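Okay, thanks for coming, everyone. Let me put the sequence and the structure up, and then I'll walk you through them.

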Amino acid sequence: MVIRIFSILIFFIAVFLQAVSAQDSKAGLLRFNAGLAQGFMLTNDSRPLFADGFAEYFTSEKISIKGSCTQLVADRVDNGLLKTYTGISFGMAWHAGNDLHDFSIAMQPGVVYQCPGTAYINFTPKPQLAPSLMFTATYSLFFSNPFHFYISVSENNSFYRGAPGGNINTSYISITGGLGWHVRYKK
Amino acid sequence: MKPLRISLLLFILSTAAVSAQTDSLTPAGQMSVGVRSSWGLVYEHNWNRAAFGSGGQFRLRFSDRVNSDWFIDYLQGDLGDFAKRTDVHIGWSVLYYPFQNKKKLQPYILAGHCFELLRISENTNDENFVTRKSASVQAGAGVHLHLTPKSDVSFVAQYMIHFGTNIDVAENPVTFSKPGGIALQDHILLHVSLNYQIADLW
């Protein structure tokens, strides 16, 4: 029994390594990721949950062009700060690592369409557009040809202007991860 | 037979043209697209605070030493705690490289023109607002950090002067008025841009 399990394990490791060795340079790689992100507001006791995703194209081994989108789904705290939040951002990422492990940092300016749920006397906040800036650190494991695992930490900075006391800081840090899909356009 | 020869000649010529483009040895003709994040350090009177914005740009290089940025920025900022401002900048700058090098860091100076659409509105009452269109000039300095031969991060600090109608703001109650005349309003604009070369046009 032990030998059988051991053989199966060796078989899977061999297949895994074969898949890994099949990876080439990341230049020309296009990847898509979608998942759920747990957010933590920087200046408010609120923990929003987002559906998020990004598309990334590796123009070279070190550089990729990246576009991301974020949609508020819920908040884990009663009376969370955000009532509406939809964001898009575009930017560039710098990569380090090898064919199997990829570490990247990205900077992405963008815009968010947002509205706080804060209650005021004689004033109801309305959704509005605001500039944003997102910084992201991502680790990816390219374990096979169409799929990879990833984990990503982001800080997304934005402000809701026009509230009675001035601005409301709607910046947050979020953590996301899961399974991604990629396709190669260059050999 | 003759049309075949002409077709063959055209094909050879087109191939030669393509290879000439890809083998371009000078940076002239390079075209890049990019995104940028901006901070406007607007401190007029005693109520303005820093504005923050996002934007995009494309860059067209005229020669080895001369480049150009064509940009649009969308910025928002506070006027104390009683009003907010929204600025849209559309403009262009010419970049000059004083040092001809191919190093990782490439400093430059820049100057150009910009058009601005400004909207100031009262907090809690967006119907109480004033708008202004103005033209401006800007000049400053920056540096490219070349990450790869085709991509760079650029850091720029520039001084921008707007020529437009004067706007007076009163706080209690919040009122906006245009007393007439042209006002000069200046600020420092900082931005970081991420650029990627998409074409080499000549």
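I'll start with chain A, then go to the place where the chains touch, and finish with chain B.

One thing up front: what you're looking at is a predicted model. Please keep that in mind as we go.

So, chain A. What is chain A built from? One helix and nine strands. If you read along from the N terminus, the order is α-β-β-β-β-β-β-β-β-β, so to speak, the helix and then the run of strands. The chain has 187 residues, and 37% of them count as buried. Now take the contacts in chain A between residues at least 6 apart in sequence: 58% of those join residues at least 24 apart.

Let's zoom in on a stretch of pairing in chain A. Find strand S7, residues 147–163. Which strands does S7(A) pair with? One of them is S6(A), residues 128–141, and the two run antiparallel with 10 bridges joining them. If you want a spot to look at there, Phe135(A) sits opposite Glu155(A) of S7(A). Getting from S6(A) to S7(A) takes a hairpin of five residues.

Then there's strand S9 of chain A, residues 172–184, which is also joined to S7(A) by 10 bridges, again antiparallel. Here, you can look for Val153(A), whose bridge partner in S9(A) is Ile175(A).

And S7(A) has an antiparallel pairing with strand S8 of chain A as well, residues 166–169, over three bridges. In that pairing Phe159(A) faces Asn169(A) of S8(A). The hairpin linking S7(A) to S8(A) runs through two residues. A quick reminder for anyone new to this: strands of a sheet pair through backbone hydrogen bonds, and they can do it parallel or antiparallel.

Okay, one residue I'd like you to click on: Lys66(A). It belongs to strand S3 of chain A, residues 63–75. Is Lys66(A) buried or exposed? Lys66(A) is buried, because 24 other C-beta atoms lie within 10 Å, and 20 are enough to count. Who's around? Setting aside neighbours within four places in sequence, Lys66(A) has contacts that include Phe54(A), Glu56(A), Gly91(A) and Gln108(A). Met92(A), Ala93(A) and Ala106(A) are in contact with Lys66(A) too. And here's a distance to try yourselves: Lys66(A) and Met107(A) are 41 residues apart in sequence, while their C-alpha atoms are 9.0 Å apart in space.

Now, where the chains touch. On the chain B side, 22 residues are in contact with 26 residues of chain A. Which elements of chain B give two or more residues to that side? They are strands S1 (30–41), S2 (51–61), S3 (66–79), S6 (125–148) and S10 (182–200). S3(B) gives the most, with four residues. By type, the chain B side splits into seven nonpolar, nine polar and six charged residues.

Last stop, the fold of chain B. Eight of its strands close into a barrel, with antiparallel pairing, in the order S1-S2-S3-S4-S5-S6-S7-S10. From one strand to the next, the twist averages 20 degrees. As an example of the pairing, take strand S5 of chain B, residues 105–122: it pairs with S6(B) in the antiparallel sense over 18 bridges. Within that pair, Glu116(B) has Ser134(B) of S6(B) as its bridge partner.

That's the tour, so feel free to spin the model around.

Note on methods. Residues are numbered from 1 along each chain as its sequence is written. Chains are lettered from A and ligands numbered from 1 in the order in which they are written. This is a predicted model: local features need pLDDT of at least 70, side-chain atom pairs count only at pLDDT 80 or more; totals for chains, interfaces and linings use all residues. A residue is buried if 20 or more other C-beta atoms lie within 10 Å of its own, exposed if 12 or fewer, and partly exposed in between; C-beta atoms are placed from the backbone. Two residues are in contact if their C-beta atoms, placed from the backbone, lie within 7 Å. Two strands pair if DSSP finds at least two bridges between them. Ala, Val, Leu, Ile, Met, Phe, Trp, Tyr, Cys and Pro count as nonpolar, Asp, Glu, Lys and Arg as charged, and the others, Gly among them, as polar. Axes are lines fitted to C-alpha atoms, for helices over the stretch in contact, and angles run from 0 to 180 degrees between N-to-C directions.
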